[in-house]
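Thanks for making time this morning. I would like to walk you through one structure, so please have the sequence and the model open as I speak.

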Amino acid sequence: MKRSSGMNTKVNGRLWTLCGVALILVGAVAVNLIVNRDKAADADSVQASAQTGQPAAAAQKGFFESFRMERDETREQEIAYIDTIIVQGADAETMADAQQQKLAIVDAMEKEMTIESLLRAKGFADAAVTLNAGAVNVVLQAETLSPEQVAQVLDIIVRETGEKTDNIKITTAQ
């Protein structure tokens, strides 16, 4: 009897870990859907601003603000899911894994904010940065980027993240 009780605890711990990972995956899918929806909405707002005579910069500013707000909301949900796993008192391995995931999210948030601030300090009107395992995506508010600007952006990202330049994607919001 004691042996099966220990196995049930192990199975329950693994089940909670699996549920936590599944919830994080759902959060990542939601972010992807939101970002893609925002790109379509941003294109619609740029088209509408062209028809109404409103400057495209105002439409772009809205893109960056809504992007950051939705990214922050998604991160808060991910942290809440992880906190739920921690509060429910899973086994030590699951708790350690959940805390490690939470620290990774907080670290990514700090790096994203730092990179966005540094890019604005270098003269870019606005920037949105997302960090994922092995990938950095940067959207800059600019019509085009010169090779010098691209090098400047890459330098900041590599310095702050340690990521290889092959894993960094830089685009502009037009």
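**A walk through the salt bridges**

I will begin with one residue, E112, which is buried, its relative accessible area being 1%. Please keep in mind throughout that what we are looking at is a predicted model. The side chain of E112 forms a salt bridge with that of R71, with 3.6 Å from N to O, and this pair links distant parts of the chain, since R71 sits in helix α2 (residues 56-87) and E112 in helix α3 (residues 92-121), 41 residues apart. R71 is buried as well, at a relative accessible area of 9%.

For orientation, the chain has four helices and three strands, and read from the N terminus their order is α-α-α-β-β-α-β. Of the 174 residues in the chain, 30% are buried.

How many salt bridges does the structure hold? There are twelve, and I will pick out two others. In one of them R120 pairs with D126, where the closest N and O atoms are 3.4 Å apart; here R120 is partly exposed, at 34% relative accessibility, whereas D126 is buried, at 2%.

The other joins the side chains of D155 and R159, at 3.1 Å from N to O. These two residues lie four apart in helix α4 (residues 147-161), so about one helical turn separates them. Both D155, at 43% relative accessibility, and R159, at 49%, count as partly exposed.

Finally, salt bridges with shared partners connect R68, R71, D72, R75, E78, E112, E116, R120 and D126 in one network.

Methods
Residues are numbered from 1 along each chain as its sequence is written. This is a predicted model: local features need pLDDT of at least 70, side-chain atom pairs count only at pLDDT 80 or more; totals for chains, interfaces and linings use all residues. Side-chain values use heavy atoms; hydrogens and water are left out. Buried means under 20% relative accessible area, exposed over 50%, partly exposed in between (1.4 Å probe, protein chains only). A salt bridge is a side-chain nitrogen of Lys or Arg within 4 Å of a carboxyl oxygen of Asp or Glu.
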